[in-house]
Amino acid sequence: MTDTQTGPLVVLVGPPGAGKSTVGRLLAERLDCGYRDTDADIVAGQGKEIADIFVDDGEERFREIEAEAVRTALAEHRGVLALGGGSVLREGTRALLAEHPVVFLEVGLHDAVHRVGLDAPRPLLLGNPRQRWRELMEARRPLYTQVARVVVDTDGLSPDQVADAVLAALELEKR
Ligand SMILES: Nc1ncnc2c1ncn2[C@@H]1O[C@H](COP(=O)(O)OP(=O)(O)O)[C@@H](O)[C@H]1O
Ligand SMILES: O=C(O)C1=C[C@@H](OP(=O)(O)O)[C@@H](O)[C@H](O)C1
Ligand SMILES: [Mg+2]
């Protein structure tokens, strides 16, 4: 990292189950830098879980809180930053991301649904996770593509392999 660096080294975007949080932690270890996840910032700031924010306050309020969390993290953080899957929905957030080394972690329906099924429930996938995920990805794919400097396909790859691919794609040195 240089003194003139003005934002995160890497920003990870993509749908739920792309592995943003998992690969983000691995990348921070590899790069020997800090890791930050806007979902964790939101939970800490609100004092409640994401699912409870959706139930108590609604998705629109969550998106407002998220937009502010992303703005703050982009301004403050100099390491690896993982965003929540829906953060690209806000035009203002997409405009901010244009200045940063954004990586779209791509994943297909099969791997994504398998991965999120192993994990804590996500409010937006409740009901029929396969259908919800497919709709969500169809609506968002253009947005992920628009903000991304590079796209890394994660299908069939382990988190370690995805981290390798991200480092190669951004031509970042392993430390
Ligand atoms: N490349 C991968 N291969 C297999 N499982 C993965 C991979 N990446 C993430 N996972 C698993 O999938 C689940 C969701 O990963 P997570 O990092 O939370 O995704 P995101 O933050 O993009 O929603 C976790 O249980 C995680 O261990
Ligand atoms: O895609 C979304 O709209 C969401 C994704 C989640 O984060 P991950 O993408 O890390 O699962 C979390 O921000 C929230 O449940 C909403
Ligand atoms: Mg995550």
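Is Lys20 buried or exposed? In this predicted model, Lys20 counts as buried, because 28 C-beta neighbours sit inside 10 Å and the bar for burial is 20 or more. Lys20 is part of helix α1. Setting aside residues within four places in sequence, its contacts are Leu12, Gly14, Ala82, Leu83 and Leu105.

Let's step back to the annotation. The unreviewed UniProt entry lists residues 6-173 as "domain: AAA+ ATPase". Over that stretch the chain is 56% helix and 11% strand, and the C-alpha atoms at its two ends are 18 Å apart. The entry, again unreviewed, also lists a "binding site" made up of Gly17, Ala18, Gly19, Lys20, Ser21, Thr22 and Arg122.

Take Gly17 from that list. You'll find Gly17 in the loop that runs between β1 (10-13) and α1 (20-31). Gly17 counts as buried too, because it has 27 C-beta neighbours inside 10 Å. Leaving out residues up to four places away in sequence, Gly17 touches Val107, Ala112, Val113, Arg115 and Val116.

Now for ligand 1. It is surrounded by 18 residues, and the closest are Gly19, Lys20, Ser21, Thr22 and Arg115. The elements that each give two or more residues to this shell are α1, α6 (109-117) and α8 (159-170). Helix α1 supplies the largest share, 3 residues. As for chemistry, the shell has 7 nonpolar, 8 polar and 3 charged residues.

So where do the record and the model meet? Gly19, Lys20, Ser21 and Thr22 are in the UniProt "binding site" list, and they are also among the closest residues to ligand 1.

Definitions and conventions. Residues numbered from 1 in each chain as written. Chains lettered and ligands numbered in written order. Predicted model: local features only at pLDDT ≥ 70, side-chain atom pairs only at ≥ 80, totals over all residues. UniProt positions renumbered as here; feature names shortened; annotations may be inferred. Helix = DSSP H or I, 4+ residues; strand = E, 2+ residues; numbered from the N terminus. Buried ≥ 20, exposed ≤ 12 C-beta atoms within 10 Å, placed from the backbone. Contact = placed C-beta atoms within 7 Å. Near = placed C-beta within 6 Å. Nonpolar A, V, L, I, M, F, W, Y, C, P; charged D, E, K, R; others polar.
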